[in-house]
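Reader: I should like to work through the features of a model one at a time. Please give the general idea in each case and then turn to the structure itself.

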Amino acid sequence: MQKITIILEDDILQFIDSQLEDNRSTYINAVLKEHRRCELESQMITALQEDAQNSEYQAEIAAWDNVVSDGIISESVF
């Protein structure tokens, strides 16, 4: 963890203080973690949608599906 100094508008600080269950740092970290999670989720959805529309990628996935279904996986390598 690092200690930093930030400047907040008065109304934002009042809002943060009204939401506190523990302390400001805990609250701000929780809000930013949730925001980061939402951003990553949005990026993953976008990437998956792009993959679904990419015919070359879909053809490669289909080729790998054929490899998986040909029984190679069921053979033991041990």
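Reader: Is D17 buried, partly exposed or exposed?

Author: The model is a predicted one, and the class follows from the relative accessible area: under 20% is buried, over 50% is exposed, and values in between are partly exposed. D17 has a relative accessible area of 32%, so D17 is partly exposed.

Reader: Which side chain does D17 meet in a salt bridge?

Author: Side chains of opposite charge can pair when their charged atoms come close. Here the side chain of D17 meets that of R24, with 2.7 Å from N to O. R24 is partly exposed, at a relative accessible area of 41%.

Reader: How many salt bridges does the structure hold?

Author: The structure holds three. Apart from the pair just described, E34 and R37 meet through their side chains at 2.7 Å, N to O. These two residues are three apart in helix α2, so about one helical turn separates them. R37 also forms a salt bridge with E41, again given as 2.7 Å from N to O. R37 and E41 both belong to helix α2 and lie four residues apart, about one turn of the helix. Through shared partners, the salt bridges join E34, R37 and E41 into one network.

Reader: What are the relative accessibilities of E34, R37 and E41?

Author: E34 has 38%, R37 has 42% and E41 has 36%. E34 counts as partly exposed, as do R37 and E41.

Reader: How should one read the span of helix α2?

Author: The general idea is to set the span against a rise of 1.5 Å a residue. Helix α2 comprises residues 24-53, 30 residues in total, and reaches 44 Å from its first C-alpha to its last, close to the 44 Å expected. At the start of α2, a side-chain oxygen of N23 comes to within 3.0 Å of the backbone nitrogen of S25.

Reader: What pattern does the protein follow along the sequence?

Author: The pattern is α-α-α, with three helices and zero strands.

Reader: What percentage of the residues count as buried?

Author: Of the 78 residues, 1% count as buried. The protein exposes about 7,600 Å², of which carbon and sulfur atoms supply 55%.

Reader: Which residues form a nonpolar patch on the surface?

Author: I4, I6, L8 and I12 form the patch, with about 360 Å² of accessible area together. I4 lies in the segment before α1 (10-19) and is exposed, with a relative accessible area of 62%.

Note on methods. Residues are numbered from 1 along each chain as its sequence is written. This is a predicted model: local features need pLDDT of at least 70, side-chain atom pairs count only at pLDDT 80 or more; totals for chains, interfaces and linings use all residues. Side-chain values use heavy atoms; hydrogens and water are left out. Patches are made of residues with over 30% relative accessible area and no salt bridge: like charges are joined within 9 Å, nonpolar side chains (Val, Leu, Ile, Met, Phe, Trp, Tyr) within 5 Å. Accessible areas come from the Shrake-Rupley method with a 1.4 Å probe; for residues, only the protein chains shown count as cover. A salt bridge is a side-chain nitrogen of Lys or Arg within 4 Å of a carboxyl oxygen of Asp or Glu. Buried means under 20% relative accessible area, exposed over 50%, partly exposed in between (1.4 Å probe, protein chains only). The expected span of a helix is 1.5 Å times one less than its number of residues. A polar contact is a pair of N or O atoms within 3.5 Å; within protein, one must be able to donate a hydrogen and the other to accept it, and residues adjacent in sequence count only if both atoms are side-chain atoms.
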